[in-house]
Amino acid sequence: MDHFRLIDGELHAEDVPLSRIADEVGTPVYVYSRATFERHARVFRDALSGLDRPPHLAFAVKANPNLAVLRLLANEGYGADVVSGGELARALAAGMAAHDIVFSGVGKTAAELAQGLDAGIGQFNIESGEEGRELAAIAAARGVVARCALRVNPDVDAGTHDKISTGKADNKFGVPISHAPALFAELSQLPGLDLRGLAVHIGSQLSDLDPLEQAFGKLGAMLRELRGAGHTITHMDLGGGLGVPYRSGEVLPTPHAYGAMVARVTRGWDVTVMFEPGRVIAGNAGVLLTRVIRVKRGLNHPFVIVDAAMNDLARPALYGAWHDFDAVRPSGERMTGNIVGPICETGDTFATDRQTDALVAGDLAVFRTAGAYGATMASSYNSRGFVAEVMVDGADYAVVAERILPAAIADAERVPDFLTRR
Ligand code: LLP
């Protein structure tokens, strides 16, 4: 459920007509709904109320790293799952408690490991023996102990897009689960580490709970094996991955069904279970508001050229992803068209042969479900800037990210003297 709906014939974000935001902030612009974010945060937490112990919830910052979004989620009691020094700094700047922050990722640099230690974060999810040894040495040199979990790769097919699948044996993530017992034994001896658990994350936009259940089952078996070998396990991190509907009418497993499955599988684990949800919290809490530049006649269907492009919302170009596209003031008439951006490559296509509201030049429209992996994946390709982001709160809104103009990006560039000397 989200708070983007038609009121008197115009699409609103909560109580704010989208035309008002377009007029005042310009387009393209990401529009987030505070009420929707809060609702999703609460629904996900409530869905996990059947667990043996209260869970630890860490929002996957990569899904939407905007400081206002992180602050909202901190207010809801969420910590953060971060994958870079930049994300770590954002989570702290937004007011998340260091001990609620989990640091994931296969390529944490020595500087990032040190940054996490100095901040006193709650947990490193280490993804290799190499990383574990390096973290232990850095921690020992500082006279501190790094709380960590070992991320295992359970070799489960998540059944999602190849580019966002992470739990198959040939994916780069985690250590092969068969290596876990020996690695756990080795790393838990290192003075700089407090190796306290296991972590898993098999992929994103999962539309079926079975692969998750398989992965969690394998993790539970490994938990028992490690305890049998005398290790103390207090935390188990089950990652993120729950998908959201992108297409009206699409039905996905609900957070409630996910929570019931997790409660069943983790019953008796006697640990704090941790989660790293991203998309399920942020996805439907945002839209990308865009204006039609012109409608160009084609051989078959017309091309609806909008002012948003693949640099603003990369998912269709990158994964062939579907985003519902709706007029802000639907007339009731429909058309079939190709929805494209202005960028000079064919990949800058949001939808082909799409049945949509009839649109003409100057009309406003939205790409829905753009709150996760939207603004955060933007680039400045074709020397376009970075679009603004706003958050709506009832009848008000605030700009939560200023538009970054192409000139500001060019300002960071230099023409060296050796090119200007003649
Ligand atoms: N934890 C880890 C270790 C992850 O790698 C991810 C996502 C998450 C949690 C959050 O997963 P979620 O709950 O959002 O599914 N750009 C792609 C998605 C990439 C996801 C990468 N990892 C897209 O637009 O679909």
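What follows is a friendly conversation between a biologist and a modeller about the predicted model shown above.

Biologist: Before we start, which residues count for which kind of statement in this model, and how are residues numbered?

Modeller: The model is predicted, with local features needing pLDDT of at least 70 and side-chain atom pairs counting only at pLDDT 80 or more, while totals for chains, interfaces and linings use all residues. Numbering runs from 1 along each chain as its sequence is written.

Biologist: How many helices and strands are in the chain, and what makes a stretch count as one?

Modeller: There are 13 helices and 21 strands. They are DSSP runs numbered from the N terminus: a helix is H or I over at least four residues, and a strand is E over at least two.

Biologist: Why is the chain called as compact as a globular protein of its length?

Modeller: The globule rule, 2.2 Å times the number of residues to the power 0.38, is set against a radius of gyration taken over C-alpha atoms. For 422 residues the rule gives 22 Å and the chain has 23 Å, which is close, so the description holds. The C-alpha trace spans about 70 × 65 × 40 Å along its principal axes.

Biologist: What share of the chain is buried, and what makes a residue count that way?

Modeller: The buried share is 45% of the 422 residues. A residue is buried if 20 or more other C-beta atoms, placed from the backbone, lie within 10 Å of its own; with 12 or fewer a residue is exposed, and in between it is partly exposed.

Biologist: UniProt lists Cys344 for "active site"; is Cys344 buried, partly exposed or exposed, and how do you know?

Modeller: Cys344 has 9 C-beta neighbours inside 10 Å, so it counts as exposed. Its place is the loop between β17 (334-340) and β18 (349-357). The label comes from an unreviewed entry, and such annotations, given in the numbering used here with shortened feature names, may be inferred rather than shown by experiment.

Biologist: Which span does the record give to "domain: Orn/DAP/Arg decarboxylase 2 N-terminal"?

Modeller: The unreviewed UniProt entry gives it residues 36-282. The end C-alpha atoms of that span lie 8 Å apart, and the span is 39% helix and 16% strand.

Biologist: How is the chain divided into domains?

Modeller: Domain 1 is 4-31 + 283-410, and domain 2 is 34-279. Those bounds come from an automatic or database domain assignment. The C-alpha centres of the two domains lie 32 Å apart.

Biologist: How many residues of domain 1 are in contact with domain 2, and what makes a contact?

Modeller: Two residues are in contact if their C-beta atoms, placed from the backbone, lie within 7 Å. By that test, 21 residues of domain 1 are in contact with 19 residues of domain 2. On the domain 1 side, β20 (388-393) and β21 (396-401) each supply at least two residues, and β20 gives the largest share, four residues. That side divides into 11 nonpolar, six polar and four charged residues.

Biologist: How do you know where the ligand lies relative to domain 1 and domain 2?

Modeller: Both domains give residues to the shell around the ligand, so it lies between them. A residue is near the ligand if its C-beta atom, placed from the backbone, lies within 6 Å of it. There are 22 residues around the ligand, and Ala60, Ser204, Gly240, Gly278 and Tyr373 come nearest. Among the elements, α10 (279-282) and α11 (315-319) each supply at least two residues of the shell.

Biologist: What makes a shell residue nonpolar, polar or charged?

Modeller: Ala, Val, Leu, Ile, Met, Phe, Trp, Tyr, Cys and Pro count as nonpolar, Asp, Glu, Lys and Arg as charged, and the others, Gly among them, as polar. The shell has eight nonpolar, nine polar and five charged residues.

Biologist: What stands out about phi of Gln205 and of Asn382?

Modeller: Phi of Gln205 is near 55° and phi of Asn382 is near 65°, each a positive value in a residue other than glycine. Gln205, in the loop between β11 (193-199) and α8 (210-228), has 24 C-beta neighbours inside 10 Å and therefore counts as buried. Asn382, in the loop between β19 (364-367) and β20, has 15 such neighbours and therefore counts as partly exposed.

Biologist: Which kind of peptide bond joins Thr27 and Pro28?

Modeller: A cis peptide bond, with omega about -10°. Pro28 lies in the loop between α1 (18-25) and β4 (29-33).
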